[in-house]
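Take a moment to look over the model below. Then follow the text from one spot to the next.

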Amino acid sequence: MRADDTRAASSRALPSRDFLRHHERLLRPPLDTWAEELRTRLDDALSTDTAHDPRAMDTVSSLMNKAGFVLACAGDLRCAQHLCERQLDWVAGCHRDRADAGTLSHAFQPWINLGRLHALRGDTRRAREHFALGTAAARQDELSLGPCVLPRGAWPAVFAAAPELRDVLWNAQTLETLKAYLVTGDIAGMATALSHLRDAVPPAWHAFLTEGEVLRLLHQGDAEEARARAGRENGGSPYDEVAFRLHAATAGAMLGEELPLRHRLVELAVFLTQVLPSRPKDAPTVLRQLRHLARLLETTGERRYALAVALHGLDVCDVHDDQPLRFGFLRTALRVAPGHPRTRAWKRALRHLTDRSLYWEIHRGARSGGSPLRNAPAFSRLVGAVERAGGPRHAAAVRGTGP
């Protein structure tokens, strides 16, 4: 491997800005196809009286959450914010119609999503205000989520309507808070947050705090301590064990380790290339772990294993598609094996993606200062469906908004 190639690969193998342990994440299929699918399903769901049918309300709420995510992926954070606010208005209206406190359980996810959008804009302070929910629920505080107000006595009905909500709220308080600091690069703020969270959240979430501490140490350059801390954690599942071993390997790469590190990375490659997620909910974790491992293998000069991991990542994407990660796996394959018999096929696949994928157009627009794809027909139709779901009120606030 040439020196300049090694330096380039090393820059790509910087510590992860995301958690590698298993938690709920969405796959990112082709954006326009995804937007059309959500719009069709949302229009179908609107044929039912969501205000008085809890199951229909569950469906519409889930589709609205995904609609906001799609608009954020499309680079239009302001429109994504308006969709979240529109959803909160819709929940408040359903609550008034039903006079049932359980309806307010649907307000939490769009409120958390607003916090994520603040984090993407770099406003960690405002983001934290949307994530400090687990403690509020434990104390059964009165809580305002935009237009949705939970009086102290509403919590039993909310949890009866959504028993899983307690975990969702602690997840937000723990993971989303720490992710916000990683996104903004505020490692000092992350250290303070970790200290506060350790005292605030239940023990079931402490493994995420441990991973956050390892990530903090890596990002501040304390690779030796990060490796020691990661090495003491095996996790509660194979996914967790792989996550901490990948962080320990990242520390080893930062410290300039060679042969022992290569052996550990090859062992991880042999294991992860045998993993085929059987559930879509597991695929985002597997794909991110494969992506990080491929970067580390490339950094250490293990090009054959980096290729094997990248190709396995492409195989997983064939079943559980995530287009941004598919881009990464194809680029890795082309870098580490430029003379491979399948190079032409990989180049064709990459050209096909760059010609057709909106993720590439968004990436290119962001780099050149171009505007997001708010006017693409698939997105405008999806926004219209969300407006119809919420009724006529405030529809103009969503339509045609931009940064």
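**A walk through the model**

The charged end of R21 sits over the ring of F208, 4.2 Å from the ring's centre. Keep in mind that this model is predicted. Another arginine is placed in a similar way: R291 lies over the face of F329, with 5.9 Å to the ring centre.

Now step back to the whole chain. The protein chain has 21 helices and two strands. Of its 403 residues, 52% are buried. The accessible surface of the chain comes to about 18100 Å². Carbon and sulfur atoms hold 50% of that surface. Contacts also tell us about the fold. Take those between residues at least 6 apart in sequence: 70% of them join residues at least 24 apart.

Pick out one helix. Helix α3 covers residues 54–73, which is 20 residues. From its first C-alpha to its last, α3 reaches 29 Å. That is close to the 28 Å expected at 1.5 Å a residue. Just after α3 comes G75, with a positive phi of about 90°.

Two residues other than glycine have a positive phi as well. The first to visit is A99, whose phi is near 50°. A99 lies in the loop between α4 (77–98) and α5. Is A99 buried or exposed? Its relative accessible area is 70%. Exposed means over 50%, so A99 counts as exposed. The other to visit is Q140, with phi near 55°. Q140 is placed in the loop between α7 (134–139) and β1 (143–145). Its relative accessibility is 29%, so Q140 counts as partly exposed.

Next, the aromatic rings. How many aromatic pairs does a search of the whole structure find? It finds four. One of the ring pairs joins F108 and W155, with centres 5.7 Å apart and planes at 40°. Planes under 30 degrees apart count as stacked and those over 60 as edge-to-face, so the pair of F108 and W155 is tilted. Where do the two residues lie? F108 is in helix α5 (residues 108–120), and W155 is in helix α8 (residues 155–161). They are 47 residues apart in sequence, so the pair ties together separate parts of the chain. Both F108 and W155 are buried. The ring pairs go on to F159: F108, W155 and F159 are linked into a cluster.

Charged side chains come next. The count of salt bridges is 26. Start with D100 and R98, whose side chains meet in a salt bridge at 3.3 Å, N to O. D100 has 29% relative accessibility, so it counts as partly exposed.

Move on to R152 and D141. Their side chains meet in a salt bridge at 3.9 Å, N to O. This pair links distant parts of the chain, eleven residues apart. R152 is in the loop between β2 (148–150) and α8, while D141 is in the loop between α7 and β1. Why is D141 called buried? Its relative accessible area is 18%, and buried means under 20%, so D141 falls in that class.

A further salt bridge joins the side chains of E257 and R264, at 2.5 Å, N to O. E257 is partly exposed, with a relative accessible area of 25%. R264 is partly exposed too, at 33%. Salt bridges can also form a network here: E36, R39, D43, R381 and R388 are linked in this way.

End at a cysteine. C317 is found in helix α16 (residues 303–319). With 1% relative accessibility, C317 counts as buried. Which residues does C317 touch, leaving aside its neighbours within four places in sequence? It is in contact with L287, D322, R326 and F329. You have met F329 before: R291 lies over its face. C317 and F329 are twelve residues apart in sequence. In space, they are 9.6 Å apart, C-alpha to C-alpha.

Note on methods: Residues are numbered from 1 along each chain as its sequence is written. This is a predicted model: local features need pLDDT of at least 70, side-chain atom pairs count only at pLDDT 80 or more; totals for chains, interfaces and linings use all residues. Side-chain values use heavy atoms; hydrogens and water are left out. Rings of Phe, Tyr and Trp (its six-membered ring) pair if their centres lie within 6.5 Å; planes under 30 degrees apart count as stacked, over 60 as edge-to-face and the rest as tilted. Helices (H or I, at least four residues) and strands (E, at least two) are DSSP runs, numbered from the N terminus. Buried means under 20% relative accessible area, exposed over 50%, partly exposed in between (1.4 Å probe, protein chains only). A charge sits over a ring if NZ of Lys or CZ of Arg is within 6 Å of the ring centre and within 35 degrees of the ring normal. Contact means heavy atoms within 4.5 Å. A salt bridge is a side-chain nitrogen of Lys or Arg within 4 Å of a carboxyl oxygen of Asp or Glu. Accessible areas come from the Shrake-Rupley method with a 1.4 Å probe; for residues, only the protein chains shown count as cover. The expected span of a helix is 1.5 Å times one less than its number of residues.
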